[in-house]
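Please report on this model. Cover strand pairing, charged contacts and confidence.

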Amino acid sequence: NSTGGSLSGAGSGFAGGAQVGYNWIVGPLLVGPEIDFQGSTMSSNINGGAGASTITAVSKTPWFSTMRVRAGYLFGSVMPYVTGGAVWGHQSLEGNDSANGGYFNVSNNFSMYTFGGCIEGRFSEQWSGKLDYLDIGSPDEGRHFASTFDQTKEFRWLKRHAGDYGFSLSYPRRNVHHIAYEPWHWCWRG
């Protein structure tokens, strides 16, 4: 397909909430589970299009929650650690597609994986503060994992429509690069 196109966007927002957990400390090592709930003002403006279609939209995530385990190493009152687990929440997408029906407004609950790196500092015997960096996967990715992504409704949609926007599967089965089949890996070819 020769129809080129692209989407671009910029997002920002704040997330804050409450967390509970439990820690086991063995020497300088710490492991433990934690669960949190976050209210969020995170949103992204999305613009772009392909061919005659122009798309403008706003994506919002008003809340999300994680259930994770963490493992860290104590250096006095400071502890760097890694964390990973599951995340679930709610997202919405509202906007306009000039060539395919105009206004749209969709929302759904999602679940997926998350992992990250963090640092926590102890202020007193019972209080600490931390900075988290969490990478959050794409919706339903956590349920379907990479090896079965090609069995999802998202993959079927991509296979039908990605070419209309200039995208193609980067590493199909038996590709010339001899790279393992990656049904989640798409690139824009124009």
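How many bridges join E5 to strand E6, and in which sense do the two run? The count is 16, and the strands run antiparallel, with E6 spanning residues 78–97. This is a predicted model.

**Strand pairing**

E5 also pairs with E4. Strand E4 covers residues 29–50 and strand E5 covers residues 53–73; they pair in the antiparallel sense over 20 bridges. Gly49 has Thr54 in E5 as its bridge partner. A hairpin joins E4 and E5, with 2 residues between them. Gly51 sits in that turn and has a positive phi of about 55 degrees.

On the E6 side, Ala71 has Val82 as its bridge partner. E5 and E6 form a hairpin too, with 4 residues between them. In this turn, Gly76 has a positive phi of about 65 degrees.

**Salt bridges**

The whole structure holds 7 salt bridges. Three of them involve arginines of E5 and are listed here.

| Pair | N to O distance |
|---|---|
| Arg70 and Glu34 | 3.7 Å |
| Arg68 and Asp36 | 3.1 Å |
| Asp132 and Arg68 | 3.5 Å |

Take the Arg70 and Glu34 salt bridge, at 3.7 Å. Arg70 lies in strand E5 and Glu34 in strand E4, so the pair ties together parts 36 residues apart in sequence. Both residues are buried.

Arg68 forms its salt bridge with Asp36 at 3.1 Å. This pair also links E5 to E4, across 32 residues. Arg68 and Asp36 are both buried.

Arg68 meets Asp132 as well, at 3.5 Å. Asp132 belongs to strand E8 (residues 128–136) and Arg68 to strand E5, so this pair ties together parts 64 residues apart in sequence. Asp132 is partly exposed, at 35% relative accessibility. Arg68 counts as buried because its relative accessible area is 3%, under the 20% cut-off. Shared partners join Glu34, Asp36, Arg68, Arg70, Glu120, Lys130 and Asp132 into one network.

**A buried threonine**

Thr114 lies in strand E7, residues 102–122. Its relative accessible area is 2%, so Thr114 is buried. Its contacts beyond four places in sequence include Arg68, Thr66, Val87 and Leu134.

**Confidence**

The protein chain averages a pLDDT of 80, and 86% of the residues score at least 70. Strand E3 (residues 24–26) is highest, at 91. Helix H1 (residues 141–144) is lowest, at a mean of 42. Over residues 140–145, pLDDT stays under 50, and the model has 10 contacts beyond four places in sequence for them. Where pLDDT is low, predicted coordinates should not be read in detail.

Definitions and conventions
Residues numbered from 1 in each chain as written. Predicted model: local features only at pLDDT ≥ 70, side-chain atom pairs only at ≥ 80, totals over all residues. Heavy atoms only, no water. Buried < 20%, exposed > 50% of the residue type's maximum accessible area, 1.4 Å probe, protein only. Contact = heavy atoms within 4.5 Å. Pairing = 2+ DSSP bridges. pLDDT = per-residue confidence, 0-100. Salt bridge = Lys/Arg side-chain N within 4 Å of Asp/Glu carboxyl O.
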